Amino acid sequence: MKFKEFLKTKKGKVVTIGGVSVVAVGIAVAVILQGLGYRSILVQQVEGIVDVIGERNNGQAYSGERLYSGDDVTVKDESSLTMCMDNDKYVYADANTHFTLESSSNRKNSRIRINLDKGSELNVLKSKLKQNDYYEVGTPNSTMSVRGTTFRMTVYEEGGLVYTLLEVEEGIVLAQLMTEDGTFTGVEKAFKAGENALIRGNYDFSEFVMSEEGSPVWYLDYSVLPEDGVERLIALLKSVEEEGEETEEELTTEEPTEATTEAVTEEPTPELTEEPTPEPTEKTTEKTTQKTTQSTTEEKTEEKTEKTTEKEKSKKEKKTTHTHSFGDWETVKEPTCTEAGLKQRKCSCGETESETIAPLGHSWSDWSTDTEPTCEGAGSRSRYCQRCQASESETIDPLGHDWVETERATDSSTGEKYVKYKCRRCNAERKEYVD
């Protein structure tokens, strides 16, 4: 059963919010925009206890409450939280979920980041984001960037490792692997609708857990998995562990030991008599049986080794002879003035090829004078980027005096001749003695 079909089942716990179907086991949180106040995030519904801590909020969440960047949100046991942003973005956070919110915005762009470190959340963006808007969901081992999509993320920690389960229902999600200190590992991959990813890591590493087919892309059977996001992730980890144990058992071959080979001691050679040759003794029969068993074991081992070798050889030949047939490029991350974007295309075999899109560079306006320079004082001017509103300024050198001669005379006390000058611009005066 696919994720989209799972949403329609009773097991998917579908909840209708403002005319939008939202699964109650889900992913990430919300667009928070403040500053100019032309966008907002509101608590639409609270069941049970949800704590919000921030500069403006400090207490239990309530319906109609507005949330802000920097808020720390904890959904308690047997509780849930529904949020609505800009009338077209919805979030459903499950019980025992924790996240913090970050955002920055102006009239031309916005950047939102939800830091999910525990639990499960579903996020639905009904409309595509604008070109200069960014929406990210971060976990301790990955960052997901989206542009108008529906996906769910679940975070669970076990045995010193953090596991993240990404499930994409619509759109494209770009997964970038991070260590717990926020360092990008250089590994990223885009996942499309119906594709899922399992990620594990800590402060030292972050990696995709490969599926049984050896691919970072997973296809989950929701008909046999638990409905709760965290329980589903735990069940998935258990199946991965069991598959690993079965593989290890298959690769283990019992080698005949020296003790087994030499288990039977030869009987002393009987004296020659005229009597017929005696029948084989019980011990001799035992030795023959053991040798036969050893031979059979060796034959089975050789046969299994041959099958494994043939299977590996077949895979290598298939991989070597395959010629990729890539589709059209799709932009999964738009470039900005200073940051590179990303585009990808996919082969029919599932292989994905990625390329970086160069930063756009600033689109500067004309220089505007902020402070006029004077004869002796420097001025300043500035300009701004018409795309991202970045700005820069520089100093304008002093103009210098524009002297003009006003008088020639002789000093009556000393008899020295001098010339007087006056600046046409600032009316400053100076006197200069001449021969």
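**Exercise 1. Work out how exposed each partner is in the Arg430 salt bridge.**

Start with Arg430: its relative accessible area is 31%, so it counts as partly exposed. Keep in mind that this is a predicted model. Next, find the partner: the side chain of Arg430 meets that of Glu432, with N to O at 2.8 Å. Then check Glu432, which has a relative accessible area of 33% and is therefore partly exposed.

While you're on salt bridges, look at Arg152, Glu167 and Arg232: shared partners join them into one network. By the rule used here, the count comes to 14 salt bridges.

**Exercise 2. Find the partner of Arg113 and decide whether each side chain is buried or partly exposed.**

Step one: Arg113 forms a salt bridge with Glu136, at 3.3 Å from N to O. Step two: place them on the chain. Arg113 sits in strand E10 and Glu136 in strand E11 (residues 133–139), so to speak a link between distant parts of the chain, 23 residues apart. Step three: use the cut-off, where buried means under 20% relative accessible area. Arg113 comes in at 22%, so it is partly exposed. Glu136 has just 9%, so it is buried.

**Exercise 3. Do the same for Glu392 and Arg383.**

The closest N and O atoms of this salt bridge are 2.6 Å apart. Glu392 has a relative accessible area of 30%, which makes it partly exposed. Arg383, at 21%, counts as partly exposed too.

**Exercise 4. Which residues touch the most other members of the largest nonpolar core?**

This core has 38 residues, and the ones to pick out are Leu81, Phe99, Met144 and Leu166. Now ask which element gives the most to the core: that's strand E10 (residues 110–125), with four residues. Zoom in on Leu81 next. Leaving aside neighbours within four places in sequence, its contacts include Val43, Val73, Val91, Tyr92 and Phe99. Gln45 is also in contact with Leu81. Finally, don't miss the second, separate core of twelve residues, with Leu161, Tyr163, Leu225 and Leu233 among them.

**Exercise 5. Where does the pLDDT fall below 50, and what contacts does the model show there?**

Begin with the whole chain: the average pLDDT is 79, and 71% of the residues score at least 70. One stretch below 50 is residues 13–38, which has 118 contacts beyond near neighbours in sequence. Another is residues 280–289, where pLDDT stays under 50 and the model has six contacts beyond four places in sequence. How to treat them? Where pLDDT is low, the predicted coordinates should not be read in detail.

Definitions and conventions. Residues numbered from 1 in each chain as written. Predicted model: local features only at pLDDT ≥ 70, side-chain atom pairs only at ≥ 80, totals over all residues. Heavy atoms only, no water. Core = buried A, V, L, I, M, F, W, Y, C linked by side-chain atoms within 4.5 Å. Buried < 20%, exposed > 50% of the residue type's maximum accessible area, 1.4 Å probe, protein only. Helix = DSSP H or I, 4+ residues; strand = E, 2+ residues; numbered from the N terminus. Contact = heavy atoms within 4.5 Å. pLDDT = per-residue confidence, 0-100. Salt bridge = Lys/Arg side-chain N within 4 Å of Asp/Glu carboxyl O.
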